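Okay, thanks for coming, everyone. I'd like to walk you through the pockets in this protein, then a helix pair, and then a few backbone oddities. Have a look at the structure first.

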Amino acid sequence: MKIRKAVFPVAGLGTRVLPATKAMPKEMLTIVDKPLIQYVVDEAKEAGIEHFIFVTGRNKGVIEDHFDRMYELDAALAARGKKAEMEILARDQPEAGAMSFTRQQAPHGLGHAVWCARDIVGNEPFAVVLPDELVLNTPGCLAQMIEAAGKLGDKSNLIAVEEVPAHLTHQYGICGVGKRHPHGRMFEVDGMVEKPPKGTAPSNLSITGRYILQPEIFKILETQERGSGGEIQLTDAMIGLSKSQSFYGVEFEGERHDCGSKAGFLRANIAFAMTRADLRDGLRDEMKKYLKK
């Protein structure tokens, strides 16, 4: 499988982190010194993705602006001799035509958001990356999944999974565990359920925010009924596709951070800052001062 395209659903309202997201998209909230959306785009680039598809909504134009050139800023930095800053902006600048934007005009759920990208994706396998979930690891989560996909047949689908406490499985999409693949961290998915009632989950492996899907998912999403929360759930459509195609769970290496919650967002800032040699010592000192209070 050659995975060239990735879909980024960025139309959500970010209600879990209000009031920060009242006027600013949650995807533009910064982890250390980069917005969330930049982290996941960088992860996709590392994995070899060539075309980046954003499913946006109202008041999300700043995401498109972030990936555009700002000539006034470039000129100001050049005039002030700020070469390091210019190099950072040039590094993050996508190639012309590498990004597409389409609108999800109403909040109908993740499945509907993915369906909105159908004409841009076309008839080829593609990745889905949720921007409010970051995975701290090198190689990134998506690169690990694409490597795993290379060991499977052409019509295989993959989902990233991680363990969650058994008493919290009702908060997640959960997959059943089937036969292990010779590739050590991968297994056949034996059933999926979205937010199962307490005590009924088939495992404690949750479906996280990285997917590799076949284009046949769009036909199912076209007529998918609303599920949990009254929304069109991607998990429900994957259950339908699993009747005719194989699904595999990939137990990725790395530390996942749910940046859509306030606690997760703060934890991610600390975790990513601690990986930076220019910030690590100073952050440790500040944390020691705080903990003494």
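**Pockets, a helix pair and some odd backbone**

Let's start with α4, because of a nice number: α4 provides seven residues to the lining of the second largest pocket, and that is the largest share. Before I go on, please keep in mind that this is a predicted model.

So, that pocket. The second largest pocket comes out at about 980 Å³. It has 36 lining residues, and if you want to find its centre on screen, look for Lys-34, Gln-38, Asp-42, Arg-91 and Asp-92, which are the closest to it. Besides α4 (83-92), the elements that give two or more residues to this lining are β3 (34-35), α1 (36-46), α2 (61-66), α3 (71-79) and β7 (133-136). What is the lining made of, by class? For the second largest pocket we get 16 nonpolar, seven polar and 13 charged residues.

Now the largest pocket. That one holds about 1,200 Å³ of space. Here 39 residues do the lining, and those closest to the centre are Arg-16, Lys-26, Leu-130, Asp-132 and Glu-231. Which element gives the most to this lining? That's β11, with five residues. β11 covers 205-213, and α5 (110-115), α9 (234-241) and β13 (255-258) also supply at least two residues each. By class, the lining of the largest pocket splits into 13 nonpolar, 16 polar and 10 charged residues.

Back to α4, and its partner α3. How do the two helices sit against each other? Their axes come within 8 Å and cross at roughly 150°. Angles over 145 degrees count as roughly antiparallel, so that is what we call α3 and α4. The crossing of this pair is left-handed. On the α3 side you have Leu-73, Asp-74, Leu-77 and Ala-78, and they meet Glu-85, Met-86 and Leu-89 of α4. Sort the residues of that contact by class and you get five nonpolar, two charged and no polar ones.

Last bit: the backbone. Most peptide bonds are trans, and most residues other than glycine have a negative phi. With that in mind, here are some spots to click on.

- Leu-18 to Pro-19 is a cis peptide bond, with omega near 5°. Pro-19 sits in the loop between β1 (5-9) and β2 (30-31).
- Thr-138 and Pro-139 are also joined by a cis peptide bond, and omega there is about 0°. You'll find Pro-139 in the loop between β7 and α7 (141-149).
- Val-32 is not a glycine, yet its phi is positive, near 65°. Val-32 is in the loop between β2 and β3.

That's my tour. Shall we spin the model around and talk?

Definitions and conventions
Residues are numbered from 1 along each chain as its sequence is written. This is a predicted model: local features need pLDDT of at least 70, side-chain atom pairs count only at pLDDT 80 or more; totals for chains, interfaces and linings use all residues. Side-chain values use heavy atoms; hydrogens and water are left out. On a 1 Å grid over the protein atoms alone, a cavity is a set of points where a 1.4 Å probe fits but cannot get out, and a pocket is an open set with protein on both sides within 12 Å along at least five of seven lines; lining residues have an atom within 4 Å of a point. Grid points are joined across faces, edges and corners, and a volume is the space filled by probe spheres set on the points. Helices (H or I, at least four residues) and strands (E, at least two) are DSSP runs, numbered from the N terminus. Ala, Val, Leu, Ile, Met, Phe, Trp, Tyr, Cys and Pro count as nonpolar, Asp, Glu, Lys and Arg as charged, and the others, Gly among them, as polar. Axes are lines fitted to C-alpha atoms, for helices over the stretch in contact, and angles run from 0 to 180 degrees between N-to-C directions. Angles under 35 degrees count as roughly parallel, over 145 as roughly antiparallel, 65 to 115 as roughly perpendicular and the rest as oblique. A crossing is left-handed if the near helix is turned anticlockwise from the far one by less than a right angle, and right-handed if clockwise. Contact means heavy atoms within 4.5 Å.
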